[in-house]
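Good morning, and thank you for the opportunity to present. I would ask you to look at the structure as I speak, and to follow each residue as it is named.

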Amino acid sequence: MNKKRLSLRARIILNMVLLVLVASVLIAAVTIYQYREEAKDYHRERLERKEKAIKQSIDFVIRETTYPVTTENVPLIFKDEIFDIDAIHNLQINLYDLDGQLLKSSKRTIQRDTTDTCLNPEILNTLSNTLEHRYVVKNVEAGQTFQSSYTYITDEKFKTLAILNLPYLENDDFLNKELKEFLLRLALAYVVLILVAIIFAYFISKFITKSLRTISDKMNETRLEKRNKKIQIESTSAEIEALVNAYNSMIDELEASAVVLATNEREQAWREMAKQVAHEIKNPLTPMRLTVQSFQRKFNPEDENIHQKVNEYSNTLIQQIDIMSSIASAFSNFAKMPAQKSENLNVVHIVKLALDIFNESYIEFYSEEEEIIAKFDRTQLIRVVTNLVKNGIQAIPNDAENPKIEVRVLSENDNVSITIEDNGLGIEEETKSKIFEPKFTTKTSGMGLGLAMVKNIVETYNGSITFTSQLGKGTIFTVTFPKNPSNSANAVVS
C-alpha cells in the first residue's frame, strides 16, 4: 500500500491505529522485561533468605552438639539433623570439607539430585578469594534453571568447618502465569483502545476533511470565464479559516484580473489580426514591386520575345493580386488562409517562376530533371519559395564579398525536396527552437510570421520543413512534400 496515495482521512485513521499498536508493543516489551528482572531479583533474594535461615539452623546444631566440633565430625554432627533442616526449609543441603569432598547431603529425589561428590577447583579458589566468601553458580539442566550457592560454615570461634552448598531450583511457573494473564488483559485493553482510536480518528478526520473537501470542490469549480462563489465555512480551525480567507481573496483578485484580461485579449486579438493581415498583404506586394522593376529594367520594344515576357510579367502580377484578393475575402488567421487548393504542378517550372521576381544575380537554381510533377497549390508554392529566398537574402550582410543563394529541386522516390541554401550569418543556438514560432523574428523589421506561415502551408500538404545552420557560415532550409500519386489523371499546370 502506498501511503502517499491514501486520503487524508485514511492516513489519520491509519496513524492513530499505528500509534496505539506501537504503544502496545512497547508497553508489552517493557512489561516482559520488568517481569524477568523482578523474577531474577525474587530468586536471588529468596536464595539469600534460605541460605541465611539454614545457616542459623546449622549454627544452632553446632552449638547443641555433644561431638567435638571438627570437620571430620561434621557427618556425625548432622547425621539426622540435616534432614530436619531440609524438611523445614524445603531445600537440599550439601556439606563439603575444605578440600571439596562431599561429607553429608540431604538429597531425596532424582530430580533434585544435582550433587557432585567433589567440587570444582574453580569454585574453591573463588570461594576462598572473594571478600564475602560466597559464590553462586547458575546452571540449566533439562530445561530447568538451578542456582547453587557456596559459602563457609564456622564454629563458635569462627573457625571454618565446611562448605555449605544449596542447590536452588528457579520455578517461574507462578510468575509466568501472572505474566500471561497480565499480557492477555493488556491485549484486550488495547483492542478496545484501537476501536476507540478508530472511531475517534474517523470523526476527527471527517471534521477536518469536510472543510478541506468543501475548499477542494470550490477550487475545482473555479473558472476564469465565470463569476466564482466565495467559500463560507462556520466553526472551523484557525488553519482552515486562513486557507478559506486566502481563497476568497484570490477570487476577488481573479475577478478583477479577468476583467482586465478580457479587455486586453480583445485588444490584442484585434492588434494581431491587423498585423497578420498587413503581413499577408505585404508578401505579394514585394514580388509585384520586384516584377515591375524588372519589367522596367529589361523592357525592350525591339525584343522579339517581348510579348511572351509581357505575358509572364502580367501573369505574375495577376497571381499576386489573386493572393491579396483571397486574403481580403477569406482571412481569419494566418493558419487557415488563404484557402488552399490542389493541382498537379511542374515544381521545377513553378520554382523558376518564383525566382524570376528577384533581381539578385547571386541566386542560382539547380534541378536534376526538367519536370517533376507534384500535387500542390500554385500560389502557395510560390509563397513558400519567395519567403525562404527572401529570408536568405536578408540573412546575407550588405558588405558580404561573395553572397550566394542556391535553390535546388530534387525528386526522392515519392517526395519532392526543395532546398534553399545561403551563406549568410546563420542562426544562433538559442533561437533555433523558436524559428518557426509565430511572431518570432530576429530582424529589426517584420512581424515574424513568414516562416510560421511557410511551415503551416507545407504541413497542410503532409510535408515538412527542416533546417541546418552554422553560425557565420549560412543556413540550409529543406522543404519536403509528397508527389501526386495519380498525376496522370490531371492536367499539368505550367
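Let me begin with a term. A cavity is a set of grid points where a 1.4 Å probe fits but cannot get out. Please also keep in mind that what you see is a predicted model.

I turn first to the cavities. How many cavities of 30 Å³ or more does a search of the whole structure find? The search finds two.

The second largest cavity holds about 40 Å³ of space. Its lining is made up of Pro287, Thr316, Gln319, Gln320, Leu353, Ala354, Ile357 and Ile382. Two elements, helix 7 and helix 8, give two or more residues to this lining. Helix 8 covers residues 347-355. The largest share comes from helix 7, with three residues. Sorted by class, the lining of this second largest cavity has five nonpolar residues, three polar residues and no charged ones.

The largest cavity has a volume of about 120 Å³. It is lined by 14 residues, and those closest to its centre are Asn283, Pro284, Pro287, Thr386 and Asn387. You will recognise Pro287, which also lines the second largest cavity. At least two residues of the lining of the largest cavity come from each of helix 6 (238-298), helix 7 (306-330) and helix 9 (378-395). By class, this lining contains seven nonpolar, five polar and two charged residues.

From the cavities I move to a pocket. The second largest pocket contains about 440 Å³ of space. Of its 20 lining residues, Glu312, Tyr313, Lys352, Leu353 and Asp356 are the closest to the centre. Which helix gives the most to this lining? Helix 7 does, with six residues. Helix 6, helix 7 and helix 8 each supply at least two residues. The lining of the second largest pocket divides into five nonpolar, eight polar and seven charged residues.

Helix 8 has now been named twice, and it merits a closer look. Seven of its nine residues are buried, and the helix is thus described as mostly covered. The buried residues are Val347, Val348, Ile350, Val351, Leu353, Ala354 and Leu355. Among them, Leu353 and Ala354 also belong to the lining of the second largest cavity.

Let us now consider helix 3, which spans residues 81-89. Its buried residues are Ile82, Ile85, Asp86 and His89. Why do these residues line one face of the helix? Seen down the axis of helix 3, they fall within an arc of 100 degrees, so they line one face. The general principle is that an α-helix has 3.6 residues a turn, so residues three or four places apart point the same way. On the other side of helix 3, Ala87 and Ile88 are exposed.

Just after helix 3 comes Asn90, with a positive phi of about 55 degrees. Asn90 sits in the loop between helix 3 and strand 1, the latter being residues 94-96. Is Asn90 buried or exposed? A residue counts as exposed when its relative accessible area is over 50%. Asn90 counts as exposed because its relative accessibility is 56%. The C-alpha atom of Asn90 lies 9.2 Å from that of Lys50, although the two residues are 40 residues apart along the chain.

The loop leads us to the strands. Strand 1 and strand 5 run antiparallel and are joined by three bridges. In this pairing, Tyr96 stands opposite Ile163 of strand 5. Strand 5, residues 160-169, is mostly covered, with eight of its ten residues buried. Strand 4 also runs antiparallel to strand 5, and nine bridges join these two. Here Phe146 stands opposite Leu169 in strand 5. Strand 4 and strand 5 form a hairpin with five residues between them, and in the turn Phe158 has a positive phi of about 60 degrees.

I close with one residue of strand 4, which covers residues 144-154, namely Ser149. Buried means under 20% relative accessible area. Ser149 is therefore buried, as its relative accessible area is 0%. Leaving aside neighbours within four places in sequence, which residues is Ser149 in contact with? They are Leu47, Glu51, Arg134, Tyr135, Val136, Leu164, Asn165 and Leu166.

Thank you for your attention.

Conventions. Residues are numbered from 1 along each chain as its sequence is written. This is a predicted model: local features need pLDDT of at least 70, side-chain atom pairs count only at pLDDT 80 or more; totals for chains, interfaces and linings use all residues. Side-chain values use heavy atoms; hydrogens and water are left out. On a 1 Å grid over the protein atoms alone, a cavity is a set of points where a 1.4 Å probe fits but cannot get out, and a pocket is an open set with protein on both sides within 12 Å along at least five of seven lines; lining residues have an atom within 4 Å of a point. Grid points are joined across faces, edges and corners, and a volume is the space filled by probe spheres set on the points. Helices (H or I, at least four residues) and strands (E, at least two) are DSSP runs, numbered from the N terminus. Ala, Val, Leu, Ile, Met, Phe, Trp, Tyr, Cys and Pro count as nonpolar, Asp, Glu, Lys and Arg as charged, and the others, Gly among them, as polar. Buried means under 20% relative accessible area, exposed over 50%, partly exposed in between (1.4 Å probe, protein chains only). Contact means heavy atoms within 4.5 Å. The arc is that of the directions from the helix axis to the C-beta atoms. Two strands pair if DSSP finds at least two bridges between them.
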